[in-house]
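Colleague: Could you take me closely through one part of this model, with its surroundings? Keep it brisk, and say what packs against what.

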Amino acid sequence: MKLCVSLDLPTAKENLALVEQIKDFDVWLKVGLRSYIRDGKEFLEDLKAINPNFKIFLDLKLYDIPNTMADAAEEISKFGLVDMFNVHASAGIDAMSTVMQRIKDIANKPLVIAVTALTSFDNEAFKAVYNEDIKTKATKLAIDTCNATVDGVVCSAYESLDIKNNTNPNFITLCPGIRPFGEDAGDQKRVADIPFAIENKVDFIVVGRPIYKSENPKEVVEKILKNMEIA
């Protein structure tokens, strides 16, 4: 299991200062909409300049018609800076397949994962939109994602094991909403801790606020990594 640190601070300067503190750890960095819209490709270059071994997850959740998604995926893949990016599984098998077909011959292409159910949904709110329970629909979307030859999904830790059992053991599950030491859930509804994530065979845990709101982010990252080893 790998730790992915969310870079969600108000400015690029603050995010880069955070990354400087954790540059010696084997972690992934998640760059979301806010940071990317504000700071762009240059920010990705700045992250790699701090430590070229950092892996970058570009969390833009592409969701459009198939060709538009494929165009965007191609541009991301050509950066040579992004190690993983995501799309929305709700865009459908055709859109996801089009993305994978478009980038298949690009050298060192990134991993691609698809969002099933956002961790800000509880079951009632999800059902109002999708007319199905989260676990049922998330698994269906994951099967579609796997059939489209996408590398994995974004889901909560609560769906991870069922998704693995219905796809294959190598199908990636990346799980936001991880609260490693019982922190406040905030706007997340389906949160989990590290032992639960390991038990449910999660491949990547995403941790943001517990790290970047800490007075000592380096210490928190170190503690998380140690807990991952012993859990």
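Modeller: Helices here are DSSP runs of H or I with at least four residues, strands are runs of E with at least two, and both are numbered from the N terminus. The model is predicted.

Start with the loop between helix 4 and strand 5, where Asn108 lies. Phi of Asn108 is near 55 degrees, a positive value in a residue other than glycine. Most residues other than glycine have a negative phi. Asn108 has a relative accessible area of 75%, so it counts as exposed.

Now go back to helix 4 itself, residues 93-103. Helix 4 packs with helix 3, residues 66-78, at an angle of about 35 degrees. Their axes are 8 Å apart. The crossing of the two is right-handed. From helix 3, the contact takes in Pro66, Asn67, Met69, Ala70, Asp71, Ala73, Glu74 and Ser77. From helix 4 come Asp94, Ala95, Thr98, Val99, Arg102 and Ile103. By class, that contact has 7 nonpolar, 3 polar and 4 charged residues.

Phe85 touches residues on both of these helices. Its contacts include Ala73 and Ser77, which belong to helix 3. They also include Val99 and Ile103, which belong to helix 4. Past the loop, Phe85 touches Pro110, Leu111, Val112 and Ile113. Phe57, Leu58, Leu62 and Ile76 are also among its contacts. Neighbours up to four places away in sequence are not counted in that list. Phe85 is one of the residues with the most contacts inside the largest nonpolar core, which has 62 residues. Leu3, Val27 and Ile205 share that standing. Another core lies apart from it, with 11 residues, among them Met84, Ile113, Val154 and Leu174.

On the other side of the loop, strand 5 spans 111-115. Strand 5 and helix 4 are both packed against by the buried residues of helix 6. So are helix 5 (123-130), strand 6 (152-154) and helix 7 (157-166). Which residues of helix 6 are buried? They are Ile134, Lys137, Ala138, Thr139, Leu141, Ala142 and Thr145. The set includes a lysine, Lys137.

Does helix 6 have the span expected of it, or how far apart are its ends? Helix 6 covers residues 134-147, which is 14 residues. At 1.5 Å a residue it should span 20 Å, and its end C-alpha atoms are 20 Å apart, so the two agree. Just after helix 6, Thr149 takes a positive phi of about 65 degrees.

Helix 5 holds Phe126. With 0% relative accessibility, Phe126 counts as buried. Leaving aside neighbours within four places, Phe126 is in contact with Ile134 and Lys137, among others, and both of these are buried residues of helix 6. The other contacts of Phe126 include Ala117, Phe121, Asn131, Glu132 and Asp133. Phe126 and Lys137 are 11 residues apart along the chain, and their C-alpha atoms are separated by 9.5 Å.

One more backbone point, back in strand 3 (residues 55-62), where Lys61 is found. Phi of Lys61 is near 50 degrees, again a positive value in a residue other than glycine. Lys61 has 28% relative accessibility, so it counts as partly exposed, whereas Asn108 in the loop is exposed.

Terms used
Residues numbered from 1 in each chain as written. Predicted model: local features only at pLDDT ≥ 70, side-chain atom pairs only at ≥ 80, totals over all residues. Heavy atoms only, no water. Core = buried A, V, L, I, M, F, W, Y, C linked by side-chain atoms within 4.5 Å. Buried < 20%, exposed > 50% of the residue type's maximum accessible area, 1.4 Å probe, protein only. Contact = heavy atoms within 4.5 Å. Axes fitted to C-alpha atoms, helices over the stretch in contact; angles between N-to-C directions. Left-handed = near helix turned anticlockwise from the far one by under 90°. Nonpolar A, V, L, I, M, F, W, Y, C, P; charged D, E, K, R; others polar. Expected span 1.5 Å × (residues − 1).
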